[in-house]
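I opened my notebook to look up cysteines and nonpolar cores. Here are my entries.

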Amino acid sequence: MDSALVIGGTRFIGRQLVSDLLDHGYDVTLLNRGTHENPFADEDRVDHIEGDRTNDSALEAAAMTADPDAVFDCVAYQPRDVQAATRIFADCGAYVYISSGAAYGREDIPKREGETPLESCTPEEATDDTMETYGKRKAEGDRAIAAAAERGVNAMSVRPCVVYGPHDYTARLDFWIDRVNRFDRILIPGDGTNVWHRAYVDDVASALRLVAERGAAGEAYNVGDRRLVTIEEMIDLIADALETTVDVVHAGPRELAAAEIELADYPLYREYPHILSTAKLAELGWESTPLETAMDQSVEDHLASDRTGRENGPGRDAEARVLEILDTV
């Protein structure tokens with residue numbers, strides 16, 4: 001394979017995917033609406049087609065213009081998007097859909113492809129656009145991939161957990177980097193041992209490419225850091241990247257309630273562990289970035305950006321009230 005069509009491709013995962021493809025010798029065409037700045041506008045090996053991916057005619061025109069070996073679908077949010085794309089790009093060498101770890105419908109530890117059942121999805125949920133049905137819609141997209149493979153389409157899906165790294169517009173990790181960069185005492189919800197599996201964006205990009213090159217039709221592949229860390233260990237990694245030290249303070253529901261804060265108000269906190277098995281992807285030859293390197297690059301990007309992530313969690317004034325209470329105990 002030496003040519004790729006990336007549906008999306010200008011933000012976060014799609015942006016890093018394009019960089020990875022260029023690094024591995026691909027010529028790339030982007031298909032998007034052009035509503036976000038194109039970081040590859042000056043790159044000779046990247047072409048751009050403007051169009052709405054929910055418009056079948058736009059997909060058909062892109063298929064004819066780009067004639068790609070591989071198609072990577074970064075912005076398929078409803079099952080019908082996957083159904084249309086697998087039909088239109090049926091003759092391509094590979095079609096890879098970005099699904100999600102949220103597609104799983106049971107809290108297995110870990111969640112495994114082909115073993116852990118997926119979320120159900122009603123016809124009404126399939127056309128919804130709220131976060132309440134996100135996992136259900138991704139699961140139905142995965143079922144569309146399996147159906148396409150049965151028709152002979154070389155279609156596969158990749159299921160990332162929470163993705164972090166440079167250019168992360170969600171700014172969930174930025175909340176914690178900002179905290180560690182500004183304060184000596186960091187309030188952590190609970191006992192600090194909760195685990196919400198995360199995936200470094202570079203590793204998601206390489207996973208997408210490897211699945212296109214080596215994956216099996218109809219299969220799904222989880223992707224996430226090969227070494228999991230708790231939220232407190234994540235704080236330690238951030239502090240090391242910033243070359244600083246912090247005092248970690250744990251706060252339970254009762255202490256937080258005094259400032260009208262809930263555990264779930266904190267980004268990257270999840271009461272029950274969310275863990276994906278990545279063994280199947282590793283069998284394709286995929287490797288994850290060392291956590292220290294991933295955090296160093298995430299922190300460097302944070303410092304160079306205007307993101308703070310403060311909108312994603314409790315205000316520091318509210319936390320100060322909790323710290324005062326804990327100091328008196």
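**Entry on cysteines**

Is Cys92 buried or exposed? I looked it up in this predicted model. Cys92 is buried, with a relative accessible area of 15%.

Next I searched for disulfides. I recalled that a disulfide is a covalent bond between the sulfur atoms of two cysteines. I counted 0 disulfides in the structure.

Why does Cys92 have no such bond? I checked its closest cysteine sulfur, which is in Cys74 and 15 Å away. That is too far for a bond, because a disulfide needs the sulfur atoms within 2.5 Å.

Then I turned to Cys161. Cys161 is in no disulfide either. Its nearest cysteine sulfur belongs to Cys74, at 17 Å. I also noted that Cys161 counts as buried, at 8% relative accessibility.

**Entry on the largest nonpolar core**

I found 76 residues in the largest nonpolar core. Which of them touch the most other members? They are Phe72, Trp176, Met234 and Ile238.

I asked which helix gives the most to this core. Helix H7, residues 201-214, does so with 8 residues. The core also draws on two domains, with at least three residues from each. I wrote them down as domain 1 (3-164 + 197-223) and domain 2 (172-195 + 230-270 + 291-327).

I then listed the contacts of Ile238, leaving out residues up to four places away in sequence. Ile238 touches Leu173, Trp176, Ile177, Val180, Met295 and Val299.

**Entry on another core**

Apart from the largest core, I found another core of 22 residues. Among them are Ile7, Ile49, Ala66 and Val82.

How values were computed:
Residues are numbered from 1 along each chain as its sequence is written. This is a predicted model: local features need pLDDT of at least 70, side-chain atom pairs count only at pLDDT 80 or more; totals for chains, interfaces and linings use all residues. Side-chain values use heavy atoms; hydrogens and water are left out. Buried means under 20% relative accessible area, exposed over 50%, partly exposed in between (1.4 Å probe, protein chains only). A nonpolar core is a set of buried Ala, Val, Leu, Ile, Met, Phe, Trp, Tyr and Cys residues joined through side-chain atoms within 4.5 Å. Helices (H or I, at least four residues) and strands (E, at least two) are DSSP runs, numbered from the N terminus. Domain bounds come from an automatic or database domain assignment. Contact means heavy atoms within 4.5 Å.
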